[in-house]
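Reader: I'd like to go through this one with you and ask how you back up each label. Can we take a look?

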Amino acid sequence: LVFQSCPRCRAWVEKDEPGLLTGCNKMTCRCGARFCFACLSLEARCQCSEEYHDFIDHDTVLNDYVPWPVSSLTVLAAAASAAVQGVWTEE
């Protein structure tokens, strides 16, 4: 994980390692600022990210980043972890 401070409010913003659903440079802070994680350009008016990348909307950020694919993956990961530990029961 990597951290950078928001160029507007200076709050710390965390970036995951690049993956299927994570790692884009386009960040949305809780204060509403949208910026490039690499160069801190507001609205990411730079060439650091691919054009098809987009910002997470502000409401999702305020609700602790729980869009559908991530929350489903989190549930699956918890189930897999429980199964490995022998505490998962199928109903």
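Reader: Where in the protein chain is confidence lowest, and where is it highest?

Author: Bear in mind that this is a predicted model. Helix H2 (residues 68-84) sits at the bottom with a mean pLDDT of 56, while strand S4 (residues 34-36) tops the chain at 94. The chain as a whole averages 77, and 67% of the residues score at least 70. Over residues 67-71 pLDDT stays under 50.

Reader: How do you know that the structure holds zero disulfides?

Author: Go by the sulfurs. A disulfide needs two cysteine sulfur atoms within 2.5 Å. For Cys-29 the closest cysteine sulfur, in Cys-9, is 3.7 Å away, so that is too far for a bond. Cys-31 also has Cys-9 as its closest, at 3.8 Å, so no bond there either.

Reader: Why is Cys-29 called buried, and what is Cys-31 called?

Author: Buried means under 20% relative accessible area. Cys-29 comes in at 4%, so it counts as buried. Cys-31 has 30%, and partly exposed covers the range between 20% and 50%, so that's its label.

Reader: What makes S1 and S2 a pair?

Author: Pairing takes at least two bridges. Strand S1 (residues 2-5) and S2 are joined by four, so they qualify, and they run antiparallel. Phe-3 stands opposite Glu-14 in S2. The two strands form a hairpin with six residues between them, and Arg-10 in the turn has a positive phi of about 70 degrees.

Reader: Which side chains of S2 are buried?

Author: Val-13 and Lys-15, which point to one face; Trp-12 and Glu-14 point to the other and are not buried.

Key:
Residues are numbered from 1 along each chain as its sequence is written. This is a predicted model: local features need pLDDT of at least 70, side-chain atom pairs count only at pLDDT 80 or more; totals for chains, interfaces and linings use all residues. Side-chain values use heavy atoms; hydrogens and water are left out. Buried means under 20% relative accessible area, exposed over 50%, partly exposed in between (1.4 Å probe, protein chains only). pLDDT is the predictor's confidence in each residue, from 0 to 100. Contact means heavy atoms within 4.5 Å.
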